Amino acid sequence: MKKLFSGVKPTGKIHLGNYLGALKNWVDLQSKYDCIYSIVDMHALTIDIHPDELRDNSLKLAIDLLALGIDPKKSLLFRQSDVVGHTELAWIFNCLTPVSELERMTQFKDEASKKTGNINAGLLTYPVLQAADILLYRAETVPVGEDQLQHLELTRIIARKFNNRYQRYFPESKPIISPARRVMSLKYPDKKMSKSHGEASYIAIRDDEVTITKKIKKAVTDEQGILNLLELYSYFGQKEKYEEMMVLHKSNKLMSLQLKEELTKAVLEFLKPVQEKIAYYEDNESKVEKILRNGAKKAQRQADQTMAQVKQIVGLK
Ligand code: AMP
Ligand code: TRP
């Protein structure tokens, strides 16, 4: 089976945008690839985050991933910082990466423009660490959200630079994009669902029934808003009902109240077993820790192999 790698930052709550745009693919691809999934806690250090929050987020994220369907029997799941090699390979890649390539990254420009004070160097070299995450396992396939395509392109540039400078060693990793490219905000129908636009704009997978019902009830229902809600329904609801509502919508007869009630029902139905699993893992944290430890141990073996060869190739050994 081909090797696949992906990572997610432990920077806060997982919402339906993250799930549909990225994590659902992680779950679905487990039977087709040799999957390695990482909670990229070192990437989270590029933003101001309290140590306790980072620790807590990482464990919660592991729980969420397991509850959403990441199966440790099929895939490796581990914390990035538990495996030696990610930052070591990132350093070697830093020495091959032109600063100008890093400065043109959209995510860097966005993050940097939000800062008032100094911009830390980690924010600039963030995509180099991301390339190291992927290439440490020589992964050929990387499921990501649309916003990560540019980082994937840079990963290929870095692999090419390494292969040209030394010898052909790294693959040129290809992205896989999920069908839900942009899940939209409930509150601002023309913006994507995101934590940065406030609680009312997203549904977190840990939100309770009352919160979810309220958020959907308050969702904006202009023309675009209705289309967004219909799209969201298409992912969680029944196919026939979706088609029925689309017909009603086209003839201007769809009541937004009906759509909202159906959507609420469908989302709650999807989240019920997920939240039951979250509760189970919350009560059994030691099991989660064991899964992460085991994942890290297996990932470390692969990482060690790559690093031994890379050190030989570049002349460090
Ligand atoms: P973030 O929460 O920005 O760290 O995103 C984590 C992953 O979820 C990334 O791969 C994003 O592309 C994906 N993602 C986040 N928000 C959305 C959204 N509204 N629609 C689709 N994908 C998303
Ligand atoms: N930068 C990615 C994001 O913001 C997270 C990430 C870090 C990642 N390393 C990765 C994704 C390696 C895919 C592969 O979502």
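**Reading two ligand sites and two helices**

Guide: Helix H7 contributes more residues than any other element to the shell around ligand 2, namely four. Keep in mind that this is a predicted model.

Visitor: Which elements give two or more residues to the shell around ligand 2?

Guide: They are strand S1 (3-8), helix H7 (121-135) and strand S4 (141-144). The shell counts 13 residues, and Lys9, Tyr126, Gln130, Asp133 and Gln148 are the closest.

Visitor: How do I read the polar contacts of ligand 2?

Guide: A polar contact is a pair of N or O atoms within 3.5 Å. For Lys9, a polar side-chain atom is 3.1 Å from an oxygen atom of ligand 2. Gln130 places a polar side-chain atom 2.9 Å from a nitrogen atom of the ligand, and an N or O atom in the side chain of Asp133 is 2.8 Å from a nitrogen atom of ligand 2. The protein buries 90% of the 370 Å² that ligand 2 exposes when taken alone.

Visitor: What classes of residue make up the shell around ligand 2?

Guide: Six are nonpolar, five polar and two charged.

Visitor: And ligand 1: which residues come nearest?

Guide: Of 15 residues around ligand 1, the nearest are Asn18, Gly145, Asp147, Val183 and Met193. Here some partners are backbone atoms: a backbone N or O atom of Gly145 is 3.2 Å from an oxygen atom of ligand 1, and one of Met193 is 2.9 Å from a nitrogen atom of the ligand. Asp147 uses its side chain, with an N or O atom 2.4 Å from an oxygen atom of ligand 1. On its own, ligand 1 has 480 Å² of accessible area, of which the protein covers 84%. The shell around ligand 1 holds four nonpolar, five polar and six charged residues.

Visitor: Is His151 buried or exposed?

Guide: Buried means under 20% relative accessible area. His151 has 2%, so it is buried. His151 belongs to helix H8 (residues 149-165), and its side chain makes a polar contact of 2.9 Å with the side chain of Gln148.

Visitor: How many residues does helix H11 have, and what span should they give?

Guide: H11 (residues 239-250) has twelve residues, which at 1.5 Å a residue should span 16 Å. The C-alpha atoms at its ends are 17 Å apart, in agreement with that.

Visitor: Which residues of H11 are buried?

Guide: Met245, Met246 and His249 are. Because they cover an arc of only 105° around the axis, they are on the same side of H11. The face turned away from that buried side carries the exposed residues Glu240 and Val247.

Key: Residues are numbered from 1 along each chain as its sequence is written. Chains are lettered from A and ligands numbered from 1 in the order in which they are written. This is a predicted model: local features need pLDDT of at least 70, side-chain atom pairs count only at pLDDT 80 or more; totals for chains, interfaces and linings use all residues. Side-chain values use heavy atoms; hydrogens and water are left out. A residue is near a molecule or strand if one of its heavy atoms lies within 4 Å of it. A polar contact is a pair of N or O atoms within 3.5 Å; within protein, one must be able to donate a hydrogen and the other to accept it, and residues adjacent in sequence count only if both atoms are side-chain atoms. Accessible areas come from the Shrake-Rupley method with a 1.4 Å probe; for residues, only the protein chains shown count as cover. Ala, Val, Leu, Ile, Met, Phe, Trp, Tyr, Cys and Pro count as nonpolar, Asp, Glu, Lys and Arg as charged, and the others, Gly among them, as polar. The expected span of a helix is 1.5 Å times one less than its number of residues. Buried means under 20% relative accessible area, exposed over 50%, partly exposed in between (1.4 Å probe, protein chains only). The arc is that of the directions from the helix axis to the C-beta atoms.
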